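Biologist: Please take a close look at a single part of this model and describe how it is held by its surroundings. I should also like to see that part placed in the wider architecture.

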Amino acid sequence: MVAKIYSMGTYGLEAFPVEVETDLSSGLPSFEVVGLPGTAVKESRDRVRAAMKNCGFGFPVKRITMNLAPADKRKEGPIYDLPLLLSLLKSSEQISCATDDAVFLGELSLSGELRRIRGVLAMAVKAKAAGFRRLFVPASNAPEGAVVEGLEVYPVAHVLQLVAHLTGQEAILPAKPMLHTNNTDPLLDFADVKGQYVAKRALEIAASGSHSVIMIGSPGSGKSMLAKRLPSILPDMTFDEALEATMIHSIAGCLPEDSSLLASRPFRSPHHTISTAGLSGGGTSPKPGEISLAHNGVLFLDELPEFSRAAMEVLRQPIEDGHVTISRVGGNATFPCKLMVVAAMNPCPCGYFGHPTRPCTCSSLSVNRYLSRISGPLLDRLDLHVEVAPLELAELSSKSKAESSQEVRLRVNAARKRQLERYIGKGYTSNAEIPSAQLQEICAITGEGEALLQKAFDRFGLSARSYDRILRVARTVADLDASDQVNGDHIAEAIQYRSLDRKFWGR
């Protein structure tokens with residue numbers, strides 16, 4: 001008898017249906033899995049055999065052939081343990097049930113318990129699109145899959161529990177969707193940061209328009225302190241943004257257990273020793289890297305010049321395009337990466353070039369060599385350049401309380417709301433994503449602003465990309481000011497954040 005059970009597979013972020021077919025025939029006892037299985041899938045045979053025995057089922061002493069269709073797509077991971085076992089039970093007539101409208105996913109323990117797997121959300125979305133009505137997954141993955149409307153997701157803790165449900169003995173209740181997980185980690189507050197009003201304002205603008213920013217300053221000036229408080233002022237995620245970010249984290253296997261959707265925007269801070277593959281993604285079966293895990297959130301690169309040149313240059317195209325494509329022999333995988341890059345660096349190897357009181361001990365050659373690690377094209381793609389100056393004692397010892405993150409976030413959310421309303425149906429949601437072709441229309445500038453921009457362009461020798469980024473930043477400043485038009489003040493503030501590359505790199 002041939003039995004068929006439906007499952008799913010993934011390649012990159014794309015999921016695809018998989019048919020698990022089992023045939024039992026006479027001959028020498030054997031157990032073969034075909035259909036381009038990976039190593040983990042081949043090892044499923046031993047887990048399935050042990051789980052059947054320990055759950056009280058008989059293992060067929062026959063020639064067993066199991067096929068994973070389509071046979072031209074590679075099947076990776078332990079997610080096929082459960083469908084393989086069910087298909088074997090059906091083909092050996094140990095259970096009888098209707099499963100044509102259901103998808104089964106799960107890794108088995110030797111005792112028959114189900115363990116957590118990756119990529120459930122992506123596979124749930126595809127299962128719904130393919131017309132399936134039910135999805136059976138490990139219990140800890142059920143909240144994640146239950147987010148998909150129109151699909152009943154059943155949490156399964158043990159094989160015997162599933163068999164009892166399928167045979168009508170004891171029903172499993174479908175999981176209920178939880179739209180957000182509870183964030184128990186307290187966020188650091190901007191109120192803790194003394195002074196640094198220019199840097200705080202720059203980060204407020206960056207958060208409002210999803211702009212990338214680089215902070216330059218001496219050690220101890222507060223660059224990392226400010227960056228670590230950025231999550232506390234980031235705007236709320238829309239449902240679609242949360243769904244995209246959660247799907248990427250699910251595929252990568254770093255979604256918190258019993259989670260549905262990510263509650264807050266991702267904040268990733270990789271160490272400077274990270275490889276290019278760790279940053280952009282890769283592997284035989286491509287997995288997302290740090291720039292994709294930061295999708296709809298922040299990628300913080302502390303001590304930017306310490307990253308390898310290859311790793312830094314990996315950022316150039318994703319910042320511009322909003323996605324990264326990983327090419328492998330088995331196919332191409334494209335991961336979204338619409339993110340804010342927040343970088344921090346010292347102005348020289350010793351860190352005190354340009355410091356008002358401490359002398360720099362670096363030679364002119366070593367300073368130039370250090371700064372040249374940041375290429376011009378990469379610097380050009382960072383919207384805001386901010387100098388974080390050392391604080392005076394009077395500012396550090398001040399008893400006055402700085403503005404809280406909650407107050408700043410109210411303005412950020414208001415500015416982002418204006419952008420969401422403006423860009424309905426356009427395919428993007430923030431000012432940083434405005435296509436160049438639509439800049440003149442969306443960033444309508446007053447005559448005063450046009451004149452000021454012309455002076456800046458002539459004086460600083462700005463590139464065409466810098467010109468575009470000034471307009472996008474000015475549009476965000478105008479949104480924070482609740483203004484429909486970009487005036488001279490907005491342009492002036494945006495130009496201010498493009499001048500540091502002339503102070504340091506143009507020396």
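Modeller: The account below begins with one helix and then widens to the rest of the protein.

The model is predicted, so local features are reported only at pLDDT of at least 70 and side-chain atom pairs only at pLDDT 80 or more, while totals for chains, interfaces and linings use all residues. Residues are numbered from 1 along each chain as its sequence is written, and side-chain values use heavy atoms, without hydrogens or water.

The part chosen is helix H6, residues 159-166. Helices and strands are DSSP runs numbered from the N terminus (H or I over at least four residues for helices, E over at least two for strands). H6 is mostly covered, since 6 of its 8 residues are buried; buried means under 20% relative accessible area, exposed over 50% and partly exposed in between, with a 1.4 Å probe and protein chains only. The buried positions are Val159, Leu162, Val163, Ala164, His165 and Leu166. These residues pack against helix H3 (81-91), strands S5 (102-104), S6 (107-108) and S7 (114-115), and also S8 and S9, where contact means heavy atoms within 4.5 Å. Just after the helix, glycine 168 adopts a positive phi of about 80 degrees.

Two of these packing partners are joined to each other. Strand S8 (residues 134-138) runs parallel to S9, with 5 bridges between them; two strands pair if DSSP finds at least two bridges. Within this pairing, valine 137 has proline 155 of S9 as its bridge partner. Strand S9 (residues 152-156) is largely enclosed by the rest of the structure, because 4 of its 5 residues are buried. Valine 137 is also touched by leucine 105, whose contacts beyond four places in sequence further include Ser7, Met8, Ile79, Leu82, Leu114, Ile117, Met123, Leu135, Phe136 and Pro138.

The helix also contributes to the interior of the protein. Val159, Leu86, Phe104, Leu105 and Leu304 touch the most other members of the largest nonpolar core, which has 106 residues. A nonpolar core is a set of buried Ala, Val, Leu, Ile, Met, Phe, Trp, Tyr and Cys residues joined through side-chain atoms within 4.5 Å. Helix H9 (residues 239-252) supplies the largest share of this core, 7 residues. A separate second core holds 48 residues, among them Val193, Val298, Ile442 and Tyr497.

Val298 leads to a sheet elsewhere in the chain, where it stands opposite phenylalanine 267. There, S11 and strand S14 (residues 298-302) pair in the parallel sense over 2 bridges. The sheet is open, with 5 strands in parallel pairing and the order S11-S14-S17-S10-S18. Strand S11 (267-268) and S18 stand at its edges with a single partner each, so one side of each lacks a neighbour in the sheet.

The loop between helix H15 (376-380) and strand S18 (384-387) contains arginine 381. Arginine 381 counts as buried, at 10% relative accessibility. Its side chain reaches the backbone oxygen of arginine 316 at 3.2 Å. Among the residues that arginine 381 touches are Ser212, Glu320, Arg465 and Arg469.

Towards the N terminus, another open sheet has 4 strands in the order S1-S2-S4-S3 with mixed pairing. Its edge strands, S1 (2-11) and S3 (30-34), each pair on one side only. S1 and strand S2 (residues 14-25) are antiparallel over 10 bridges, and lysine 4 has glutamate 21 in S2 as its bridge partner. Serine 44, in helix H2 (residues 44-54), is buried at a relative accessible area of 0% and touches Asp81 and Leu84.

The structure holds 0 disulfides (pairs of cysteine sulfur atoms within 2.5 Å). Cysteine 337, buried at 1% relative accessibility, has its closest cysteine sulfur 15 Å away, in cysteine 254, which is too far for a bond.

Overall, the protein has 22 helices and 18 strands, and 53% of its 507 residues count as buried. Its C-alpha atoms fill a box of roughly 85 × 45 × 45 Å along the principal axes. Of the contacts with a separation of 6 or more, 74% join residues 24 or more positions apart.

How values were computed: Polar contact = N/O pair within 3.5 Å; in protein donor to acceptor, adjacent residues only side chain to side chain.
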